Every structure is written in structure tokens, then in C-alpha cells.
Amino acid sequence: MTDSAGRMDELIDRRVVVIGAGQAGLSAAYFLQHDGLRAGVDFEILDANPTPGGAWSHRWDALTFSLVNGVYDLPGARLTGADPDEPAREVIKRYYGGYEAERDLRVARPWRVTAVEPLDDPQWRFLVHAQHPSGSTRTYRTSAVISGTGTWDRPYVPWYPGRFAGRQLTTRDFPEPGDFAGQRVLVVGGGISAVEFVVLLDEAGAQPIWSTRTPPRWRDTPFDTDWGLAVENSVAARTRAGLRPLRVVAATGLPRTPRFEPAIAKGVLTSRGPIARLSDDRVEFADGTTEPVDVIIWATGFRASLGHFAPLGIRESTGGVLMADDDVSVRRVPGLFLVGYGRSASTLGATRAGRRAARAAVRATAIPELSRTAAAGSR
């Protein structure tokens with residue numbers, strides 16, 4: 001078959017297609033294998049990144065493993081022996097890469113899924129279109145899609161009156177803290193990334209200014225499994241109603257850890273409040289004060305990366321996706337499962353969501369004729 005530009009498009013049949021090889025996607029793959037499906041034959045994993053590691057592969061060098069708030073093990077493989085001073089990016093890339101190799105998951109990368117279309121066929125529900133950086137394209141016919149694309153590709157930058165003429169970055173663009181030495185850097189956002197940026201910038205000799213829409217909510221209680229489940233349940237209540245998931249910090253608050261205490265004590269981690277207006281080289285806050293600024297870092301969160309599902313029309317008028325009570329099944333589209341969305345956006349939730357999605361996908365595709373066709377592989 002040919003694509004819209006007239007190039008040959010490879011057509012491949014798979015019983016299940018997994019989009020994304022982050023924690024949620026790899027967890028789903030593990031449980032698909034556990035239920036007897038074969039990687040590269042019965043199911044395919046497509047990942048847009050050139051290396052293993054998912055979103056972790058893009059994190060900055062200064063985020064060492066000791067600074068990570070929490071990394072939960074992939075199913076069946078503990079993460080042990082990590083050097084706390086090594087960049088977390090390298091630790092996770094090695095961990096995920098080893099996991100893929102040991103289980104022969106045959107992740108296809110870098111293949112970016114550009115669209116998932118409905119297919120009116122008695123055996124296959126979807127066409128999954130993917131593109132390689134070389135321009136090569138593939139189309140998969142499948143009866144179940146598990147999407148673990150997360151949020152990293154869609155940083156959110158809010159609108160404010162005025163226009164800032166200086167350098168602006170988002171969380172995913174953050175380089176090395178030392179690059180900002182001597183500069184006045186406005187960090188916007190109330191989440192853990194914003195807090196970490198403020199501390200790193202202060203340690204590197206920059207002059208950070210912190211802005212949050214609401215006063216920071218510091219928590220002294222432990223961020224343990226029971227607490228995590230309570231947060232997930234509050235998020236699930238929204239997604240089961242088709243509402244857009246809230247930002248993580250809205251449900252979690254901020255951990256008052258020993259690392260942050262010195263910055264809190266000397267006033268570095270004191271929010272100036274919300275922004276009222278931007279201008280060429282300064283910011284005006286809602287309290288009427290202004291500050292000159294060289295750089296703005298928008299640590300203002302992310303939105304779910306679901307643009308490839310536009311042909312399926314999965315979004316509700318409320319802006320979210322209506323999820324079933326299992327928190328992975330999309331009510332509007334049988335055979336479509338989202339992992340890393342809503343309650344499973346955390347690493348703890350991602351593993352459980354991968355298990356639920358894999359088992360639901362196996363049940364949804366448990367048709368003898370379909371299974372024989374998928375096992376025949378690509379054409």
C-alpha cells in the first residue's frame with residue numbers, strides 16, 4: 001500500500017499494538033507475554049525515542065538518581081545497585097534497555113505513531129500509522145491498542161497579558177543549571193520540577209524567582225504507597241467522569257524534604273505569587289511588584305499526548321477522555337486502552353495499569369480466527 005505522498009507503506013498485522021516504551025508500555029508488554037503473546041509476532045511495541053528510557057531519557061544531567069522522588073520497579077525486575085550520583089536518565093535508560101533485551105521485547109524505534117484510525121473490518125479494529133525519522137512509514141492492522149505515550153511531548157505554557165522578549169524554556173528544555181549563573185531566572189509552576197529548578201539554580205549561582213498561582217502546599221507526611229493510592233483515587237474520579245486530569249501537584253502537594261529545607265529557610269523557596277503581566281524584560285506580579293528577568297522557565301506541567309487519536313474522536317466536550325471503571329478502557333472506543341493517563345500517570349500506577357490493559361486487550365482479541373491471522377505476522 002502507499003501513503004498520502006505516494007511512498008510505499010509497509011503493512012503489518014498484529015493482534016495488539018503498544019504505543020510507547022516507558023514504564024506503562026513495558027509493563028503492558030510484560031503481561032502480554034505472561035498471557036502467551038509473542039513480541040514482534042502477536043504484539044508490537046512502537047517507541048518514538050531513539051533509545052530506551054521513555055521520558056526519563058530526556059532529563060537533565062543535574063537530576064541525579066538521589067534526587068528522584070521515586071522510581072517503581074518494572075514487573076519482574078528490581079532496580080538495584082544504582083549510583084545515587086549518576087544522572088537518573090542514564091540509570092533508567094540502562095534499566096529499561098536491559099529489561100527490553102532480557103525479555104526480547106523487540107521494541108521498534110524510533111517509530112512515532114502519527115495517527116490511529118478506525119477500521120471497518122470483521123477482524124481488525126484499527127489502523128495504526130507510524131513514521132520513522134528517515135521518512136519510512138508503517139501501517140499496522142490491529143484489534144487492540146495500548147497507548148502509553150504519557151505527557152512529555154506536550155508541555156503546557158499558560159497565557160498571560162504582555163510579551164516577554166527574553167529566553168523562554170519549558171521543563172523538557174531544561175539544560176544545565178550552571179548555564180544560568182549570574183542571571184535572573186523566573187521559574188513558574190507549583191510542582192516538584194519547579195521546586196527542583198529553583199534549588200538547582202540557586203546552588204549554581206543564578207538568581208531564581210519563583211511564581212505560583214496559589215501558595216505552595218508543603219507536606220510533612222510520607223509519600224508512601226497508601227498515600228499514592230489515595231491520590232490516584234482522587235484522579236480516577238475525574239477521568240471516570242470524562243474530565244481532564246488535574247495537574248499532579250493539585251492532588252499531591254509538595255514534599256518537605258531535608259533537601260529543600262535550607263532553601264525554604266533562607267527564603268529562596270518563597271513564591272512571589274501569580275503573574276499579572278509580562279513585558280520585554282520583566283514580570284509584574286499580582287501584588288503590584290515587578291522584577292527584571294533574563295529567562296523564564298515554564299515548569300507549568302504537561303497535557304496528555306493523545307493527538308494521534310484524533311481520528312477516533314475520544315475526547316469528551318469536557319476536555320477529557322471518559323474512562324471505564326478499570327481506569328484503562330476508553331468507553332467510546334472498544335479495544336483502546338490508555339496507560340499513563342489519569343490515575344496511572346505515576347510510576348506506581350503505570351505498572352498496575354499495564355497489567356490491567358494487557359489482560360483487557362487479550363480478552364478483547366480472544367477470537368480464534370483473529371489470533372491465527374495475527375500469528376502469521378507481517379505481509
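What share of the contacts in the protein with a separation of 6 or more comes from residues 24 or more positions apart? In this predicted model, such residues account for 68% of those contacts.

**Overall make-up**

The protein has 379 residues, of which 53% are buried. Its secondary structure comprises 8 helices and 17 strands. The exposed area is about 16,600 Å², and carbon and sulfur atoms supply 50% of that area.

**The cavity**

The structure contains 1 cavity of 30 Å³ or more, with a volume of about 40 Å³. Its lining is drawn from Ser-147, Gly-148, Thr-149 and Gly-150, from Ala-304, Ser-305 and Leu-306, and from Val-339, Gly-340 and Tyr-341. Sorted by class, the lining has 6 polar and 4 nonpolar residues and no charged ones.

**The loop between H2 and S4**

Several of the local features belong to the loop that runs from helix H2 (88-102) to strand S4 (112-118), where Arg-109 is found. The side chain of Arg-109 makes a polar contact of 2.9 Å with the side chain of Glu-100 and another, of 3.4 Å, with the side chain of Asp-47. Leaving aside residues up to four places away in sequence, Arg-109 also touches Ala-21, Asn-49, Pro-50, Thr-51 and Pro-52. The peptide bond that leads from Arg-109 to Pro-110 is cis, with omega near -10 degrees. Pro-110 is likewise in the loop between H2 and S4.

Asp-104 lies in this loop too. Although Asp-104 is not a glycine, its phi is positive, at about 50 degrees. Asp-104 counts as partly exposed because its relative accessibility is 42%, between the limits of 20% and 50%.

**Thr-142 in strand S6**

Thr-142 is part of strand S6, which covers residues 137-142. With a relative accessibility of 0%, Thr-142 counts as buried. A polar atom of the Thr-142 side chain lies 3.0 Å from the backbone oxygen of Arg-15. For the backbone oxygen of Ala-144, the distance to a polar atom of the Thr-142 side chain is 3.0 Å. Beyond residues up to four places away in sequence, Thr-142 touches Arg-14, Arg-15, Val-16 and Val-17, as well as Trp-124, Arg-125, Phe-126 and Val-128.

The side-chain polar pairs described for Arg-109 and Thr-142 are set out below.

| Side chain | Partner | Distance |
|---|---|---|
| Arg-109 | Glu-100 side chain | 2.9 Å |
| Arg-109 | Asp-47 side chain | 3.4 Å |
| Thr-142 | Arg-15 backbone oxygen | 3.0 Å |
| Thr-142 | Ala-144 backbone oxygen | 3.0 Å |

**Two buried loop residues**

Phe-164 sits in the loop between strand S7 (145-147) and strand S8 (167-170). Phe-164 counts as buried because its relative accessibility is 4%, which is under 20%. Phe-164 and Ser-279 are 115 residues apart in sequence, yet their C-alpha atoms are 5.0 Å apart in space. Residues up to four places away in sequence aside, Phe-164 touches Leu-278, Ser-279, Asp-280, Asp-281 and Arg-282, together with Val-293, Asp-294, Val-295 and Ile-296.

Asp-327 is in the loop that connects strand S16 (295-298) with strand S17 (336-338). Its phi is positive, near 70 degrees, in a residue other than glycine. With 3% relative accessibility, Asp-327 counts as buried, whereas Asp-104 counts as partly exposed.

Definitions and conventions
Residues numbered from 1 in each chain as written. Predicted model: local features only at pLDDT ≥ 70, side-chain atom pairs only at ≥ 80, totals over all residues. Heavy atoms only, no water. Helix = DSSP H or I, 4+ residues; strand = E, 2+ residues; numbered from the N terminus. Buried < 20%, exposed > 50% of the residue type's maximum accessible area, 1.4 Å probe, protein only. Contact = heavy atoms within 4.5 Å. Areas by Shrake-Rupley, 256 points an atom, 1.4 Å probe, with all protein chains shown as cover. 1 Å grid on protein atoms, 1.4 Å probe; cavity = no way out; pocket = protein on both sides within 12 Å on 5 of 7 lines; lining within 4 Å. Points joined across faces, edges and corners; volume = space filled by probe spheres on them. Nonpolar A, V, L, I, M, F, W, Y, C, P; charged D, E, K, R; others polar. Polar contact = N/O pair within 3.5 Å; in protein donor to acceptor, adjacent residues only side chain to side chain.
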